[in-house]
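These are my notebook entries on a structure that I went through element by element. I looked up helix packing, charged pairs and a few single residues.

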Amino acid sequence: MSTSEVSPVASRTGGPSYRVVNDWSIQVATVNGSGSQTANSVLMRSIFQMGVPVSGKNLFPSNIAGLPTWFTIRANKNGWIGRKKEIDFLIAMNPETAREDVLKLQEGAAVVYDEPLKLNELRSDLHFYPVPFDKIVAPVCPDAKLRKLVKNIIYDGVVAHLLGIDLEEMRKALYKQFGARKAKAAELNWNAILAGKKFAEENLEKKDPFSVERMDETKGKIIIDGNAAAALGCVFAGCTVVTWYPITPSSSLVESTIGYFKRLRIDKATGKASFAVVQAEDELAAVGMVIGASWAGARAMTSTSGPGISLMAEFVGLGYYAEIPAVIFDVQRVGPSTGLPTRTMQGDLLSTALLSHGDTRHPMFFPSSPAECFTMAGDAFDFAEQFQTPVFVMTDLDLGMNNWMADPFEYPTAPLNRGKVLTAEDLDKVAEFARYRDVDGDGVPYRTLPGTAHPKAAYFTRGSGHNDKAAYTEREDDYVNNVDRLSRKFETMRSWVPQPEVLVNEKAKIGIICCGTSRYAVEESRDQIMREYGIETSYLRLKAYPFTSALLDFINQHDRVYIVEQNRDAQLMALMRLEFPVDALAKLRSIKYYGGMPLDARTVTTDFVTQEGL
Amino acid sequence: MSTVVAPPPAPKKVNRIGLEVLPYRGAKTTLCAGCGHNSISERIVEVFYELGIEPWTVAKMSGIGCSSKTPAYFLSQAHGFNSVHGRAPAVSTGALLANKNLRGIVVTGDGDTASIGIGQFVHMLRRNVPLTYIIENNGVYGLTKGQFSATADRGSKQKSGVINDMQPIDCCLLGIELGATLVARSFSGDKKQLSTILKACISHKGLAVVDVISPCVTFNDHEGSTKSYSYVKDHETALHELSYVPYYEEIQIDMAEGETRDVTLHDGSHLRLKKLDRDYDPTNKYEALNAIHQAEDKGEVLTGILYVEQKRDTLLDMLNLVDEPLATLPVERVRPGREALDMIMEELR
Ligand SMILES: Cc1ncc(C[n+]2csc(CCOP(=O)(O)OP(=O)(O)O)c2C)c(N)n1
Ligand code: SF4
Ligand SMILES: [Mg+2]
């Protein structure tokens with residue numbers, strides 16, 4: 001944390017002599033469907049282009065138009081881009097929530113608001129900037145029908161003035177957003193930004209301490225949401241079959257995939273597609289098609305969220321026992337469909353690891369950033385084919401649907417790992433083909449694809465009632481042999497899954513573990529714990545399940561280990577309970593957050609401090 | 001040991017492509033003796049052998065049930081997939097997306113198709129997925145010991161005496177209404193007709209749905225069941241006498257002009273329909289629906305090729321896929337070049 005953040009509140013209201021540079025958050029409160037998305041991403045991008053680390057989070061309702069929505073931008077010179085709970089700069093455009101939004105602010109915050117809302121009457125300890133949006137928009141947008149859409153972007157101009165955002169960067173960001181084909185719309189919006197800027201210059205006196213200054217921390221970086229990143233990962237991993245059923249927050253993963261497929265995977269000469277996308281009738285059918293396609297040798301994926309995962313359970317069990325690859329993205333969200341479907345959660349960790357009936361266990365990958373969404377999508381296809389089993393890529397709404405500043409993706413150069421597939425030529429060389437035999441001792445058998453022109457190729461696929469030659473059996477020993485081999489296969493996976501990120505601090509007695517998007521809060525929290533309490537901690541970020549030996553080593557190296565996760569029931573810890581010895585388990589403590597917002601550092605720090613009795 | 005000169009072995013009987021019948025057969029059936037499903041398996045063996053189709057080009061798909069076990073009993077040299085109850089349509093659709101050169105043959109029960117999997121069934125119909133979809137329709141759930149299925153006729157009696165009061169689902173009506181491009185009904189005991197229909201299905205380009213009344217001798221072959229051998233024998237009315245001429249055989253005219261109707265199938269085969277007591281045009285959707293409803297009112301089981309539509313695009317046509325199977329495209333065909341990724345990264349900067 002920078003010194004500015006811990007400075008006394010008095011100085012925050014003490015006039016422009018005191019400055020908070022590149023370390024604040026802006027919240028834009030609007031109404032769903034009012035077209036504020038452009039204004040918000042242009043604002044975020046302008047700051048990004050000034051070289052300041054930034055993140056943007058959209059808090060939206062399960063509704064198409066009319067309900068309140070908030071967009072939060074956090075700029076932080078130290079690169080902490082997780083959520084920050086406190087809002088420094090509010091842009092209040094929604095009459096419905098304005099009052100509550102203002103009352104929630106801490107002293108010294110700034111408020112840009114639509115003048116008729118008269119928010120300045122609510123409090124005296126904030127910096128208020130009234131802006132008559134309707135008056136400003138009328139002259140720049142003669143077409144009354146468009147005004148509602150253009151009105152929002154005026155606040156970009158106002159904020160550019162108040163924070164000191166380079167207007168040229170804003171112009172670039174705006175034209176990038178609209179692209180060459182929508183030059184006219186871009187111009188209209190640009191004029192609105194200029195009008196906002198001009199109004200602010202002439203009428204608003206800067207009173208708050210917040211400002212932006214150029215840095216050089218975003219060079220070469222990109223802005224992308226995790227779903228688009230995963231989509232690119234699939235397209236560059238040679239995925240050929242995608243089947244899906246729409247659900248927030250996963251739909252945009254497939255929609256982005258379709259977009260990139262059409263751009264990159266249609267043969268220029270023939271116009272033919274090297275991909276097939278089917279919008280299925282439900283998630284059962286979606287995963288059934290993936291199982292069928294993977295059985296026949298394609299790289300197939302589906303993407304869904306918790307409710308869809310529940311529907312897929314039976315098929316996933318079949319995939320496990322019949323040993324069929326499948327890549328399933330779970331963009332996790334809160335609870336059932338009438339829960340908080342537009343809020344984030346790490347809520348499917350336990351149920352997905354053990355999804356289906358009988359003894360089943362499934363590998364899961366935990367991407368934490370767009371770059372990992374990209375690479376792990378590729379890894380997932382390799383892994384699914386290598387191990388002939390369904391693989392889950394567990395992202396969440398925060399990662400999937402929000403815009404992230406990210407490192408650019410590296411072009412994958414490794415060949416595709418298509419796993420142990422015997423072709424007709426291979427079959428000529430082997431004495432016998434036994435579909436479920438553990439030839440190599442790693443638990444992973446060989447398979448053939450339907451359509452292989454060889455008398456030895458065919459086998460009959462069914463659930464668990466088969467011996468190693470895929471013949472029907474209900475014998476006790478055949479069943480036990482088979483499921484024991486599946487356990488061996490699961491053990492082999494441990495040395496092939498992505499290894500965790502481990503930062504062991506020799507002086508630290510305490511370790512902190514997390515996975516996925518919890519990393520942003522945890523990394524910042526460790527910094528807070530260090531600076532505010534002088535306590536050093538070690539850190540381990542899991543990238544996959546099954547766990548690798550590095551996890552148990554890490555636990556053994558420390559006196560106490562906190563597991564930070566975004567669910568009520570400590571699901572990640574529960575998975576450790578299934579396999580770790582009691583002495584290791586005795587060290588585990590849990591920090592949980594499950595309110596549906598992206599996890600923030602202060603929540604982690606506060607819980608940690610309480611449990612440590614500091 | 002005396003020296004006996006062995007007689008020269010009799011030349012083995014082979015089909016058009018030089019294969020014996022063995023690779024067309026499967027494992028020994030484990031179904032009840034006399035089960036209608038067994039007769040259907042026999043017809044499948046016969047038809048693939050006679051048409052001379054390489055068994056390894058076939059994907060045998062099924063759901064769960066006595067019927068769905070049967071792919072193990074035919075075409076031992078074809079890959080088979082006994083999937084989950086009612087979900088054969090999805091798995092088969094996926095398999096064909098991956099490899100459009102596979103010939104899909106799907107065997108399901110009436111429980112699979114008309115109950116648990118009816119959602120998948122109707123969506124497969126809409127998509128016109130190019131495969132042969134057989135419903136081994138016995139009016140009961142065989143494998144779970146005889147509960148009524150949704151195709152049980154109103155008034156039909158369970159072995160225990162329970163009477164079905166509910167309206168049956170007619171999968172042929174659904175098929176015609178919702179987009180199958182060949183719809184037929186037959187009876188497991190009618191060898192000749194079933195073989196001919198199956199041949200037409202296999203030669204058809206598009207989704208062929210065949211509802212085969214297939215009595216369950218253990219749970220539904222008693223007095224009062226409308227899916228029993230005796231009921232169907234007494235009430236079956238064939239629409240036409242069918243003959244099938246594969247594309248590789250010359251057509252020989254053996255029926256009087258005016259009494260027959262020829263339908264040319266996609267691969268050049270001919271289906272010849274000889275008029276029985278009515279002049280039936282299987283390409284007329286309204287006539288087909290009408291005929292099925294009228295038969296139902298009379299308590300008849302109308303069999304034959306009920307409906308054929310030859311022009312509609314299949315799912316695979318609509319997807320405009322490259323010529324080779326997607327499953328085995330080499331990496332150069334499925335991973336765009338470095339410059340494509342660079343370009344996208346630049347756009348996102
Ligand atoms: C999800 C699920 N529910 C129930 C079952 C139990 N089950 C197995 S077969 C079957 C019915 C089979 O009837 P049908 O499809 O008509 O086939 P038949 O045995 O009559 O040939 C049922 C309900 C199952 N396997 N899976
Ligand atoms: S129970 Fe009925 S359907 Fe099942 S095998 Fe026996 S006769 Fe056939
Ligand atoms: Mg049945």
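**Entry 1. Terms and model.** I take contact to mean heavy atoms within 4.5 Å. I note at the outset that the model is predicted.

**Entry 2. Arg437(A).** I first looked up where Arg437(A) sits, and I found it in the loop of chain A between α17 (424-429) and β17 (460-461). Its relative accessible area is 28%, so I recorded Arg437(A) as partly exposed. Setting aside residues up to four places away in sequence, I listed Glu432(A), Pro445(A), Asp468(A) and Lys469(A) as residues that Arg437(A) touches. I also checked Arg437(A) against Leu167(A): the two are 270 residues apart in sequence, and their C-alpha atoms are 66 Å apart in space.

**Entry 3. Asp478(A).** I located Asp478(A) in helix α18 of chain A. I entered Asp478(A) as buried because its relative accessibility is 18%, and the limit for that label is under 20%. With neighbours within four places in sequence left aside, Asp478(A) is in contact with Asn467(A) and Thr473(A).

**Entry 4. Leu341(B).** I then turned to chain B, where Leu341(B) lies in helix α12 (residues 338-348). The relative accessible area of Leu341(B) is 0%, and I noted the residue as buried. Which residues is Leu341(B) in contact with, leaving aside its neighbours within four places in sequence? I found Phe236(A), Phe374(A), Phe409(A), Glu410(A) and Tyr411(A). For the pair Leu341(B) and His222(B), which are 119 residues apart along the chain, I noted a C-alpha separation of 67 Å.

**Entry 5. Helices α5(A) and α6(A).** I described this pair by angle and distance. In chain A, the axes of α5 (residues 133-140) and α6 (residues 144-151) come within 10 Å and cross at roughly 125 degrees. I therefore classed α5(A) and α6(A) as oblique to each other. Their crossing is right-handed. On the α5(A) side I listed Phe133(A), Asp134(A), Val137(A) and Ala138(A), which meet Arg147(A), Val150(A) and Lys151(A) of α6(A). By type, the residues of this contact divide into 4 nonpolar, no polar and 3 charged.

**Entry 6. Helices α12(A) and α13(A).** I treated a second pair in chain A likewise. The axes of α12 (residues 283-295) and α13 (residues 306-322) of chain A come within 8 Å, with a crossing angle of roughly 30 degrees. I therefore entered α12(A) and α13(A) as roughly parallel to each other, since angles under 35 degrees take that label. α12(A) passes α13(A) in a right-handed crossing. Glu283(A), Leu284(A), Val287(A), Gly288(A) and Ile291(A) in α12(A) meet Gly308(A), Leu311(A), Met312(A), Phe315(A) and Gly319(A) in α13(A). I counted the residues of this contact by type as 6 nonpolar, 3 polar and 1 charged.

**Entry 7. Salt bridges.** How many salt bridges does the structure hold over all chains? I noted 56 over all chains, and I followed several of them.

In one, Asp114(A) pairs with Lys151(A), the closest N and O atoms being 3.6 Å apart. Asp114(A) lies in strand β6 (residues 110-114) of chain A and Lys151(A) in helix α6 of chain A, so this salt bridge ties together parts that are 37 residues apart in sequence. I recorded both Asp114(A) and Lys151(A) as buried. Lys151(A) also appears in Entry 5, among the α6(A) residues that meet α5(A).

In another, Glu579(A) forms a salt bridge with Arg494(A), and the closest N and O atoms are 2.9 Å apart. Glu579(A) is in the loop between α21 (571-577) and α22 (582-585) of chain A, and Arg494(A) is in the loop between α18 (476-493) and β18 (501-503) of chain A, so the pair ties together parts that are 85 residues apart in sequence. I entered Glu579(A) as partly exposed at 24% relative accessibility, and Arg494(A) as buried at 18%.

I also followed Arg519(A) and Glu523(A), whose side chains meet in a salt bridge of 2.9 Å, N to O. They are 4 residues apart in helix α19 (residues 518-533) of chain A, so about one helical turn separates them. Arg519(A) is buried, and so is Glu523(A).

Lastly, I noted one network in which salt bridges that share partners join Asp166(A), Glu169(A), Lys172(A) and Arg214(A).

How values were computed: Residues are numbered from 1 along each chain as its sequence is written. Chains are lettered from A and ligands numbered from 1 in the order in which they are written. This is a predicted model: local features need pLDDT of at least 70, side-chain atom pairs count only at pLDDT 80 or more; totals for chains, interfaces and linings use all residues. Side-chain values use heavy atoms; hydrogens and water are left out. Axes are lines fitted to C-alpha atoms, for helices over the stretch in contact, and angles run from 0 to 180 degrees between N-to-C directions. Helices (H or I, at least four residues) and strands (E, at least two) are DSSP runs, numbered from the N terminus. Angles under 35 degrees count as roughly parallel, over 145 as roughly antiparallel, 65 to 115 as roughly perpendicular and the rest as oblique. A crossing is left-handed if the near helix is turned anticlockwise from the far one by less than a right angle, and right-handed if clockwise. Ala, Val, Leu, Ile, Met, Phe, Trp, Tyr, Cys and Pro count as nonpolar, Asp, Glu, Lys and Arg as charged, and the others, Gly among them, as polar. A salt bridge is a side-chain nitrogen of Lys or Arg within 4 Å of a carboxyl oxygen of Asp or Glu. Buried means under 20% relative accessible area, exposed over 50%, partly exposed in between (1.4 Å probe, protein chains only).
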